[in-house]
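Welcome! Open your viewer, get comfortable with the selection tool, and we will walk through a few stops together.

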Amino acid sequence: MKEFDEFEEFDNPIGEGRRKRTVSRESVFTDMNAMVDLAFLLLTFFMLTTTMTKPNVIELVMPVPTDEDRAEDVQPVKESRALTIVPFPNDELYIFRGLAAENVRELTYDSGELKAELEDFMAATDEPMVIIKPHPDSNYRNLVDIIDEINQSAVRRYAIDDFRETDRAILAEAGIESSALKKDVE
Amino acid sequence: MARKRGLSKKTPHLDMNPMVDMAFLLVTFFLLATTFKLPEQADIELPYSYSEVDIPETNLLTITVDRQGLIFLSLSNHEFRRPWLNRMASIYDMEITREAEEAFSELSGFGLPLEELKPWLRLDRKEQLAHESRGIPADTLNNELSDWLIAARSVQPGLRFAIKADQVTPYRKLDRVIKTMTANRILRFNLVTEKRTGDEGI
């Protein structure tokens, strides 16, 4: 600032005092159109590129896998307190209590059927255990929907297990006619 | 009449200060709220859930499984990527150049068998994205995924794991990944979902 004043004085020897007095009192209008254009351009860009929703996560804890030499230590879940949920391809959903074929029921994913079923099961059983056995060709969305439903219910213990030959036999015995059931399970 | 039409020859001055203030305030807000994401190789449509747990931003290894079942990996912390690759290289007895290390630590994610990874790292970003992904092998005979997981956990203790899969990924593909994790005693992990707001339908 000082340097500038000195320079001014040198250039204009009449004196800085006079200059100051003649400064216009009118407010200065800056043409802000360009700046506004730019600001709105940036605003539009950021508004369009921002995604506000951050993904969330479902926490999952799997049991320790059973290998051959530990197989005897593993306690099977009592039939009476097990509920098995089997998601099938094409959004089919089967559910059964215990291991009896006559208990097999077909549900749909909407209208809270699964929720009602879980509540019913919770009320009827002590130490309930829910086992999800997804068919290999069922999709991930079905699995997440089921886990999400369980997490919202009062069920505290659940596990994901393989869809085995025994499960296929139960569903077949129950007279389920699904194209996915005919294929042999690996 | 003539007088009226020629009323104001001057351009009217509009006080734009408040508007500019507003605009820049919003720009600043969006600028700060935006997190720039590098383009990813896998195009994932996440399933929805009501879960309230936010995704951790650090110490996270994300295993992405796309709709074909191809597996991609990405490690959140930059500083661990280099030792991760080196550990992996030592498991497979591979030579890794400095340039490859450098390129790898800049990488947000990858999905290639290890033997293809080295030439791929030499490509530039555009070519990398255009390159056909083959996914990280996770079958029983050649389970590189397992070694990547072991290597990651050994260089970064306290690492968390997340599975990010597409809505229509068949369960058999996920089963491979989950089996690989549990076999390595990674029993606690996260499933990445999108927050359900109620109007997505099931």
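The tour below begins with one whole chain, moves on to a shared strand, and ends at two loop residues.

Before you start, note that residues are numbered from 1 along each chain as its sequence is written, while chains are lettered from A and ligands numbered from 1 in the order in which they are written. This is a predicted model, in which local features need pLDDT of at least 70, side-chain atom pairs count only at pLDDT 80 or more, and totals for chains, interfaces and linings use all residues.

**Stop 1: chain A**

Select chain A and switch to a cartoon view. Chain A has 7 helices and 6 strands (DSSP runs numbered from the N terminus: helices are H or I with at least four residues, strands are E with at least two). Follow the chain along its sequence and the pattern reads α-α-α-β-β-β-β-α-β-α-β-α-α. Of its 186 residues, 24% count as buried (buried means 20 or more other C-beta atoms within 10 Å of the residue's own, exposed means 12 or fewer, partly exposed lies in between, and C-beta atoms are placed from the backbone).

**Stop 2: strand β6 of chain B**

Now select residues 188–195 of chain B, which form strand β6. What joins this strand to chain A? Strand β1 of chain A, residues 56–61, runs antiparallel to β6(B) and is joined to it by 6 bridges (two strands pair if DSSP finds at least two bridges between them). Pick E59(A) and you will find its bridge partner in β6(B), N190(B).

Stay with β6(B) and add β1 of chain B, residues 48–49: these two strands run parallel, with 2 bridges. Here S49(B) has K195(B) as its bridge partner. Next add β5 of chain B, residues 160–165, which is also parallel to β6(B) and joined by 2 bridges. In this pairing, I163(B) is matched with L191(B).

Finally, show helix α8 of chain B, residues 171–183: together with β5(B) and β6(B), the helix makes a right-handed β-α-β unit (with the strands pointing away from the viewer, the path from the first strand over the helix to the second runs clockwise).

**Stop 3: two loop residues in chain A**

Most residues other than glycine have a negative phi. Zoom to D91(A), in the loop between β2 (82–88) and β3 (92–97) of chain A. D91(A) is not a glycine, yet its phi is positive, about 60 degrees. Is D91(A) buried or partly exposed? With 15 other C-beta atoms within 10 Å, D91(A) is partly exposed.

Last, select E127(A), in the loop between α4 (113–124) and β5 (129–132) of chain A. Its phi is positive too, near 50 degrees, and E127(A) counts as exposed, with 10 C-beta neighbours inside 10 Å.
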